[in-house]
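Please describe how the ligand is held in this model, and then turn to one of the sheets. A careful account with the cut-offs stated would be welcome.

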Amino acid sequence: MENTKQYILSPKEAYEASQRWRIVKRSVDARQRELKVHLTVLTDEEGNPVAKDEVRSTKYEPPAYRDVHEAERKAIIIGAGPAGLFAALTLLEHGIKPIIYERGKEVSARKKDIALLNRNEGLNPESNYCFGEGGAGTFSDGKLFSRSKKRGNMQRVMEIFHYFGAADTVLYEAHAHIGSDKLPGIIKRMRECILEHGGEIYFETCITSLKDVRRSEVRCTKEGDKGQGKELPIILAIGHSAHDTYRMLAAEGVALEAKGFAMGVRAEHPQALINKLMYHLKPSAVSRQPSELIQYVGNASYSLVTQVDGRGVYSFCMCPGGHIVPAGSSADSCVVNGMSASHRNSPYANSGMVVQINPEDLPGDDPLRGLEYQEALEREAFKQSHNLSPALPEREGQRIMASAVAPAQRMRDFVEGRASKNLPPCSYLPGIIPSRLDLWLPPFIGKRLQQGFRDFDKKYPGFLTNDAVIVGVESRSSSAVRIPRDPETLESINTPGLYPCGEGAGYAGGITSSALDGINAALKIAGKH
Ligand SMILES: Cc1cc2nc3c(=O)[nH]c(=O)nc-3n(C[C@H](O)[C@H](O)[C@H](O)COP(=O)(O)OP(=O)(O)OC[C@H]3O[C@@H](n4cnc5c(N)ncnc54)[C@H](O)[C@@H]3O)c2cc1C
């Protein structure tokens with residue numbers, strides 16, 4: 001248990017303190033006329049604040065990765081996102097050789113595909129914001145949310161990020177943020193470590209049958225090996241966007257169940273406006289930001305929630321100073337999400353605005369009905385944004401040359417049911433076109449969002465404005481499927497030896513909880529197989 005002390009300071013004092021001391025938690029209190037900053041500061045045993053430059057990284061036990069080149073014990077991992085990579089590193093600690101299959105490319109090649117996508121030069125369905133080394137976590141916002149002790153040792157996840165190059169702040173800040181400019185380097189170092197110690201990673205290898213992958217690994221086992229003939233355990237860490245892989249699992253008889261999820265749009269305001277609303281600045285501050293204040297307290301964020309007709313409507317993954325990004329992985333669909341670089345300094349503030357959807361809201365009893373619903377809406381968004389250019393997408397090599405332009409509407413126009421004649425500037429690089437989201441979003445979602453924006457405006461007058469734009473659709477905020485598992489062994493309830501984990505298994509949401517889930521799956525294998 002670390003010692004901490006709390007302070008209430010002016011923005012300038014808090015800024016100066018954060019240059020000197022180790023800050024665990026910082027929140028801006030805008031309830032009074034003058035902003036105050038609540039700081040929780042790390043202290044030593046005598047109660048004195050710990051200096052920022054004091055080297056504390058030695059305080060944790062560095063991971064002891066073992067050489068597994070000749071290891072008898074092996075495990076297959078499908079997916080190299082946070083769950084898969086942290087599982088692999090944990091297996092190394094226990095002397096087990098991880099064999100990783102990842103459908104996407106290694107991170108630097110993936111970066112190029114993402115650059116093409118952002119320039120609207122086509123989508124590679126196997127290498128994009130969802131698929132590739134590091135998974136959805138690599139080019140994400142990099143907020144490391146959860147420090148919940150319930151699921152296990154979250155601090156250990158932070159230590160491992162730190163070990164591979166994340167800033168010291170991840171060790172002590174309650175709301176640490178890595179930033180998508182830093183994450184690729186960290187992911188690359190994790191890969192190098194796995195390979196150096198004898199793990200194997202196969203990129204651009206999409207697993208299309210569990211049975212086949214198991215068989216091929218059994219065949220690979222050398223004559224005379226103890227492992228021969230024994231099926232290897234499989235850690236299934238596929239994330240929530242691999243709809244084809246869920247369908248393969250269903251076809252191979254792996255138990256699946258429908259799970260609640262959320263869908264909606266991404267909303268974007270000028271960051272200056274959000275700063276004004278959240279920090280209660282004078283109206284003139286919108287056009288003339290008090291740059292000193294923002295330098296002291298950073299760009300403002302928000303977290304909003306309301307209930308409309310029995311369903312939660314809430315902001316999700318808010319990115320101050322961020323960008324909206326094209327986060328789809330298939331042709332004929334339009335999906336958006338948000339991210340930010342470590343400095344969080346773009347002039348835009350975006351956030352998912354989503355409506356909770358329960359399995360019983362969708363007809364039928366197919367466990368994959370949530371996926372169908374997501375896909376239908378993503379296709380509709382694509383269709384709506386391609387009204388101006390309805391030609392079917394062509395392929396050029398691996399890339400699908402479909403435009404990633406997204407449908408958008410000014411926020412007030414959306415709420416009041418009007419077409420937007422034009423749109424405000426937006427961070428979404430492939431571009432946006434005016435569209436009647438108020439008309440084509442399913443009323444279950446659209447009507448609730450309209451009321452949700454009115455509710456948020458009551459809390460922060462000025463939030464509902466035509467200076468804000470909503471972009472469609474934010475459909476992949478959480479998994480619509482669960483792969484049920486035995487709570488004790490963490491194996492699939494009907495497929496022994498299969499360890500579903502991370503976001504795609506429906507047991508985690510976000511980078512840190514997925515990473516921890518991967519660690520837990522690997523620990524089970526270490527204790528059993
Ligand atoms: C733009 C964006 C911003 C985000 N921002 C944040 C944030 O700030 N903070 C946060 O905590 N979370 C954020 N998230 C969510 C976070 O990235 C995910 O929760 C997390 O990455 C899930 O980890 P995972 O390992 O379970 O799955 P994923 O990261 O999705 O990784 C799964 C991997 O499996 C691979 N795969 C799938 N099927 C197969 C197959 N059949 N064969 C081989 N490989 C396969 C995929 O290519 C992928 O690389 C964001 C997500 C996005 C898209």
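Domain 2 (74-256 + 483-528) and domain 3 (258-474) each give at least three residues to the shell around the ligand, the domain bounds being taken from an automatic or database domain assignment. The model is predicted, so that local features need pLDDT of at least 70 and side-chain atom pairs count only at pLDDT 80 or more, whereas totals for chains, interfaces and linings use all residues. Residues are numbered from 1 along each chain as its sequence is written, and side-chain values use heavy atoms, with hydrogens and water left out.

The ligand is surrounded by 38 residues, the closest being E102, A136, K143, E503 and I511; a residue is near a molecule if one of its heavy atoms lies within 4 Å of it. Polar contacts (pairs of N or O atoms within 3.5 Å) from oxygen atoms of the ligand include the following.

| Protein partner | Distance to a ligand oxygen atom |
|---|---|
| E503, side-chain N or O atom | 2.3 Å |
| I511, backbone N or O atom | 2.7 Å |
| P82, polar backbone atom | 3.2 Å |

Taken alone, the ligand exposes 990 Å², of which the protein buries 96%, with accessible areas from the Shrake-Rupley method and a 1.4 Å probe.

Elsewhere, an open antiparallel sheet is formed by 3 strands in the order β1-β3-β2, where strands are DSSP runs of E with at least two residues and two strands pair if DSSP finds at least two bridges between them. Because β1 (3-9) and β2 (23-29) stand at the edges with a single partner strand each, one side of each is left without a neighbour in the sheet. The antiparallel pairing of β2 with β3 (residues 36-43) runs over 6 bridges, and R26 stands opposite L39 in β3.

How values were computed
Polar contact = N/O pair within 3.5 Å; in protein donor to acceptor, adjacent residues only side chain to side chain. Helix = DSSP H or I, 4+ residues; strand = E, 2+ residues; numbered from the N terminus.
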